Amino acid sequence: MPKPRRNLLATAEETTTPPATLPATQSIARVIVAAGKSLYHVEVASAEKLLVELPARFRNAIWIKKGGYVVVDVSMRDERENKIGGEIVNVVRNEKEWRRREYWPVEFKQKITYLSDSDEEESTVGKMPPQDLDDE
């Protein structure tokens, strides 16, 4: 039997708005790849890679894509006797809103690049290939 609709909507609403502050045991991480069985490989801002678990309340309610961001809690890391390094406590859905917070890691800031006129070469998109005049 599927989860009640109100539970799905409550979970979705919870992930839309970012919290005011993050506890010391929680940090924002980028999803590298899904490992299967509700496990994900993530990269924390300190370039450390962890295997984290998605709790049951998010399963089949929130989808996490490669390159997306999640909030990971690593407080139980030392107590566990397995490879799992933490648990996903929140999923970043409205990334623009989350990036405005002071706790967003500098390593995950968006890099905006502009092409200068001197570096830009003439594009050949949509043009005919050059003709050899030697054939005539």
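Let's start with a small group of side chains: Tyr 69, Trp 104 and Phe 108 are joined into a cluster by ring pairs. Keep in mind as you look that this is a predicted model. The structure contains two aromatic pairs, and we can take them in turn.

In one pair, Tyr 69 meets Trp 104 in an edge-to-face arrangement, with 5.0 Å from centre to centre and 70 degrees between the planes. The pair counts as edge-to-face because its angle is 70 degrees, and the cut-off for that class is over 60. Now trace the chain: Tyr 69 sits in strand β4, which covers residues 69-73, while Trp 104 lies in the segment after α2 (95-99). These are distant parts of the chain, 35 residues apart, and the pair links them.

Are these two residues buried or exposed? Tyr 69 counts as buried because its relative accessibility is 7%, under the 20% limit. Trp 104 is buried too, with a relative accessible area of 3%.

Tyr 69 also pairs with Phe 108, and here the rings are tilted: the centres are 5.3 Å apart, and the planes make an angle of 55 degrees. Once again distant parts of the chain are linked, from Tyr 69 in strand β4 to Phe 108 in the segment after α2, 39 residues apart. Phe 108 is buried as well, at a relative accessible area of 4%.

To find the cluster on your screen, look for Tyr 69, which pairs with Trp 104 and with Phe 108.

Technical notes
Residues numbered from 1 in each chain as written. Predicted model: local features only at pLDDT ≥ 70, side-chain atom pairs only at ≥ 80, totals over all residues. Heavy atoms only, no water. Phe/Tyr/Trp six-rings, centres within 6.5 Å; stacked < 30°, edge-to-face > 60°. Helix = DSSP H or I, 4+ residues; strand = E, 2+ residues; numbered from the N terminus. Buried < 20%, exposed > 50% of the residue type's maximum accessible area, 1.4 Å probe, protein only.
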